[in-house]
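Hello,

Here is the structure for you to look over. My notes follow below it.

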Amino acid sequence: MISFLPIGGGNEIGANSYYLNFNGNGIILDCGIHPQKTGLESLPNFELIKNKTVDSCLVSHAHQDHIGSLPFLVKNFPYVKIITTPQTRALAELTLHNSVSILKKEIESNEFEYYSHDEVDLLIRMIEYKEYQNEFELNSYHQQKEAKVNCTFYDAGHILGSSSILLENNGYKIFYTGDINLTPQTLQSKAVLPETEINTLILETTYGATDSESLLDWNSESMRLAVEANKILNNGGSILIPVFSLGKMQEILATIWLLMQKRKLTTVDIYTGGLGTKINLAYDYNRFVVNRVDKEFEVHSIPQKNYYDISNPEEFFKYPCIVLASSGMMIKGTASYNFAKRFLKQKDSAIFTVGYMDTKTPGYIISNSKSGDKVQPTDFDEVTEVNCVVKNFKFSAHSRREDLLSIVNRLNPDFVILTHGDEKAMDWMGSSILKKNRKIKIQTAEVGKEIKFF
Ligand SMILES: [Zn+2]
Ligand SMILES: [Zn+2]
């Protein structure tokens, strides 16, 4: 029997984690942390699988909502074998150490046992790695008969090292997309899909509720950004662009630099900093061994100043500049949140958002405001008048919804499980899949709700 049990995430973008059982072989797909929650609430519900066999955990990519709970998984299941791509392993080392420093400040409850830098070091040593399109076997410690699973990672085109995962047990094939992008970005090439039909597809639906016409391709959106940025910079203003330090920082930095090189964008100082700068190097070290739009292009050789080297953020307004700061959703306490408070007050400057914003985040509140509005980024902030220009751009590291449908078409599954999206996104995906093929069985992933395939 094969069964599927979401233990986190499911019908939201949170602590993504899915437990699969293949005739006794227990495999967890991803082990994320909810970016907006704290304490036990932010983790997958490990209680749901405490009496089940847990043999291995496959990690699709190094974003927090897919990897952030690995240290807690190891505390609960010390013998679990963790496997990912070499690039995700390298990025995990950077991001998990970074989380130790950030989360330690946030979590101060007694019921919650935190993890240390030493534990992260041990965890990274435990992680095995496999290259893309290199099939490997997963066996169960407890169960031998009919439990062998063949597994292959495919480049998911989302960020460095990201993978979709093909699993096969006795001829039954399951494909988990992870976070997937079927169109190229500035650095990252598009996803590679397996050349096979499958039985069950576990599909992400991030942009299921977003009209594809509002998602321009990367190049057209870059040109739109250049036009708007020139208006600000040529008028003496500066621009803050909040970015995730993993993926968006590297892609937007490269995009801006190439626009400057082509003389489409006024050349000004670019500020970066924090974890993102370290990740730039990981992108460069790996450029010849992964798919890339241009393998020669190096992110770290783009001239950039470190925002932690300046003593006062007022310096950003002395001369026009562009500041790329994490976090992407301007979460309280991060560099982009602190800088945003200064930028909001500056009449000639601007905040440009470039990606997805979760509701209730300061990023969501600010991106939905305009000059003259009064905003309160968090309950702890005072109400501030928006003096700066606010513009929103969509540089997507996820597939458009039509592209998601094309995955269903190509892999021709009998069963689709929808994940990683809100209710609206899943509704659109579900009904659109059924419009094309009435025979496909569709279910939305829900934490605690087990699905049995046969
Ligand atoms: Zn992701
Ligand atoms: Zn995700």
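Leu 166 sits opposite Phe 175 of strand 10. That pair belongs to an antiparallel pairing: strand 9 (residues 163-169) meets strand 10 (residues 172-176) over five bridges. Two residues lie between the strands of this hairpin, and Asn 170 there takes a positive phi near 50°. Keep in mind that this is a predicted model.

Strand 10 has another pairing. With strand 11 (residues 200-204) it runs parallel, over three bridges. In that pairing Ile 174 faces Thr 200 of strand 11.

Now the overall layout. The protein chain splits into domain 1 (2-210 + 397-452) and domain 2 (216-392). Their C-alpha centres are 29 Å apart. Domain 1 puts 21 residues into the contact, and domain 2 puts in 25 residues. Which element gives the most on the domain 1 side? Helix 3 (residues 86-106) does, with six residues. By type, the residues on that side of domain 1 are nine nonpolar, 11 polar and one charged.

Next, helix 5 (residues 218-233). Its 16 residues should span 22 Å at 1.5 Å a residue, counting one less than the number of residues. The end C-alpha atoms are 22 Å apart, which agrees. Buried in helix 5 are Ser 222, Leu 225, Ala 229, Ile 232 and Leu 233. These residues cover an arc of only 80° around the axis, so they fall on the same side of helix 5. Which exposed residues does the face turned away from the buried side carry? Ser 220 and Val 227.

What covers the buried residues of helix 5? The cover includes strand 12 (239-242), helix 6 (248-261), strand 16 (350-353) and strand 19 (389-392).

Strands 12, 16 and 19 also appear in an open sheet of six strands. Its order is 14-13-15-12-16-19, and the pairing is parallel. Strand 14 (305-306) and strand 19 stand at the edges. Each has a single partner strand, so one side of each is left without a neighbour in the sheet. At the strand 19 edge, four bridges join strand 19 to strand 16 in parallel. There, Ala 350 stands opposite Val 389 of strand 19.

When you go through the model, I would start with helix 5 and its cover, then follow the strand order across the sheet.

Best wishes

Methods
Residues are numbered from 1 along each chain as its sequence is written. Chains are lettered from A and ligands numbered from 1 in the order in which they are written. This is a predicted model: local features need pLDDT of at least 70, side-chain atom pairs count only at pLDDT 80 or more; totals for chains, interfaces and linings use all residues. Domain bounds come from an automatic or database domain assignment. Two residues are in contact if their C-beta atoms, placed from the backbone, lie within 7 Å. Ala, Val, Leu, Ile, Met, Phe, Trp, Tyr, Cys and Pro count as nonpolar, Asp, Glu, Lys and Arg as charged, and the others, Gly among them, as polar. Two strands pair if DSSP finds at least two bridges between them. A residue is buried if 20 or more other C-beta atoms lie within 10 Å of its own, exposed if 12 or fewer, and partly exposed in between; C-beta atoms are placed from the backbone. The arc is that of the directions from the helix axis to the C-beta atoms.
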